[in-house]
Amino acid sequence: MRDAVGSFVGWPSDLIFPDAETPTRPTHKVGKGISRRIESVASQKEVSGRKLKSAAKDIPTTSGTKSQIMMRLEKMVDESDIMHGAIRSIDFDEGVFGAAHFEIIAKEDLQQLFEHDELGIAVIHTYIWYMYVTLMQGTELCNRFNFIAASRINATLITKNPTSVKNDLVDRFMAAGDNTTPSLYFLPFNSGNGGHWVLVAMDLSRLIVYYLDSLSGDWSKYPNMKKTVDAAIIKFRSKKNYRNRKDITWVRVECPQQNNSVDCGFFVLRFMRDIIALNCIDIPKMYFEEYKSYSRAHLDELKDELCQFIVDQRII
């Protein structure tokens, strides 16, 4: 079975594959045809970062209540075979994670949205896909922001095989070009076993790693993660024959803080969304003036965006 972080899906025994990222594609699937259709629409867009920030305000959200689009999707799920154990496999454009990737969506994943529960890896990845398609594809933002799959780099995998994780991270860096101009690699990092989500944003050209955690503390909570990230950056620069002009600098960003035990995944998604929307490679240490804190409405906005995307792409 693929490495799943933060969610549990009761898979049939014939779909369990040890040490594989994802099981074999099931019958119910969203294929490459949808990915190509998305590209044809998104490639016509040339949108600035500032416009992206205001665009999401078109989706009305009433904090703490379910929106019309969420109730519509919930009804679609209730009337589908997903309620009886079926799953969906979604093919992502290679540009999302720098390589072919497909994600499994099951009832439990969608219920995380409907019930505002702790987010698992499938929801995290699907919202990343949404950001890539809606905010980035066909614009210069694709050269400034990159995503790393949380299913490949997380605390559980680092404990099992840190060398393999380091090499996977290097391969992701290599897939994006020379990295000599400022850009950010977003790593949604999970502490393992359905644990806490934090965001690690890496600027390889300036050897800066930004750490955004919606709980108190810094990267010292995850020493193996820091060691693996540092080693991957050094190995990448060595393979590219870049001189390491200085040590890698880690910066703890004073970002918005959650006030419950379930919002960390939503905060990580919101961090990425705001950084991309503001088109900002230099993340301020005190975070952005526009977003000193996140209300429930800020998080509901994410859910509505993803629900609308799932409906539009006919994933259910």
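Mentor: Let us begin with a term: helices are DSSP runs of at least four residues, labelled H or I, and they are numbered from the N terminus. The model before you is predicted.

Trainee: With that convention, which residue just after H9 takes a positive phi?

Mentor: That residue is Asn 241, whose phi is about 60 degrees.

Trainee: How should one check the length of H9, and what should its 17 residues span?

Mentor: The expected span is 1.5 Å times one less than the number of residues. Helix H9 covers residues 223–239, so it should span 24 Å, and its end C-alpha atoms are indeed 24 Å apart.

Trainee: Which residues of H9 are buried, and what covers them?

Mentor: To be buried, a residue must have under 20% relative accessible area. In H9 this holds for Met 225, Thr 228, Val 229, Asp 230, Ala 232, Ile 233, Phe 236 and Arg 237. The cover over these residues includes two helices, H7 (155–160) and H8 (162–174), together with strands E5 (184–190), E6 (197–203), E7 (208–212) and E8 (249–252).

Trainee: Strand E7 appears in that list. How many of its residues are buried?

Mentor: The count is 5 of the 5, so E7 is largely enclosed by the rest of the structure. Its side chains can be sorted by direction: Ile 208, Tyr 210 and Leu 212 point one way, whereas Val 209 and Tyr 211 point the other way.

Trainee: In what sense do its partners run, parallel or antiparallel?

Mentor: Strand E6 is antiparallel to E7, with 5 bridges joining the two. Within this pairing, Asp 203 stands opposite Ile 208. The hairpin has 4 residues between the strands, and Leu 207 takes a positive phi near 55 degrees there. Strand E8, in contrast, runs parallel to E7 and is joined to it by 4 bridges; Tyr 211 stands opposite Arg 252 of E8.

Trainee: Let us take a single residue. Where does His 125 lie, and is it buried or exposed?

Mentor: His 125 belongs to helix H6, residues 121–136. Its relative accessible area is 0%, so it is buried. Its side chain reaches the backbone nitrogen of Ala 150 at 3.0 Å. Beyond its neighbours within four places in sequence, its contacts include Phe 92, Phe 97, His 101 and Glu 103, as well as Ala 149 and Ser 151.

Trainee: How many salt bridges are counted?

Mentor: The rule requires a side-chain nitrogen of Lys or Arg within 4 Å of a carboxyl oxygen of Asp or Glu, and the count comes to 18. One of the pairs is Arg 152 with Asp 168, at 3.1 Å from N to O. Arg 152 sits in the loop between strand E4 (145–147) and H7, and Asp 168 in helix H8, so the pair ties together parts 16 residues apart in sequence. Arg 152 is partly exposed at 33% relative accessibility, as is Asp 168 at 22%.

Trainee: Which salt bridge does Lys 303 form, and at what distance?

Mentor: First, the general idea: an α-helix has 3.6 residues a turn, so residues three or four places apart point the same way. In this structure, Lys 303 meets Asp 300 at 3.1 Å, N to O. Both are in helix H11 (residues 296–312), and being 3 residues apart they are separated by about one helical turn. Lys 303 is buried, with a relative accessible area of 4%, and Asp 300 also counts as buried, at 4%. Elsewhere, salt bridges that share partners join Arg 270, Arg 273, Asp 274, Glu 301 and Glu 305 into one network.

Trainee: Finally, how many aromatic pairs does a search of the whole structure find?

Mentor: A pair of rings is described by the distance of the centres and the angle of the planes. The search finds 19 aromatic pairs. For Phe 267 and Tyr 294 the centres are 5.3 Å apart and the planes are at 70 degrees, so the pair is edge-to-face. Phe 267 is in helix H10 (residues 264–277) and Tyr 294 in the loop between H10 and H11, 27 residues apart, and the pair links distant parts of the chain. Tyr 291 and Tyr 294 have centres 6.2 Å apart and planes at 55 degrees, so this pair is tilted. Phe 267 and Tyr 294 are both buried, and Tyr 291 is buried too.

Trainee: Which residues form one aromatic cluster?

Mentor: Phe 92, Phe 97, Tyr 127, Trp 129, Tyr 130 and Phe 309 form it. Two of these names should be familiar: Phe 92 and Phe 97 are also in contact with His 125.

Key. Residues numbered from 1 in each chain as written. Predicted model: local features only at pLDDT ≥ 70, side-chain atom pairs only at ≥ 80, totals over all residues. Heavy atoms only, no water. Buried < 20%, exposed > 50% of the residue type's maximum accessible area, 1.4 Å probe, protein only. Polar contact = N/O pair within 3.5 Å; in protein donor to acceptor, adjacent residues only side chain to side chain. Contact = heavy atoms within 4.5 Å. Pairing = 2+ DSSP bridges. Phe/Tyr/Trp six-rings, centres within 6.5 Å; stacked < 30°, edge-to-face > 60°.
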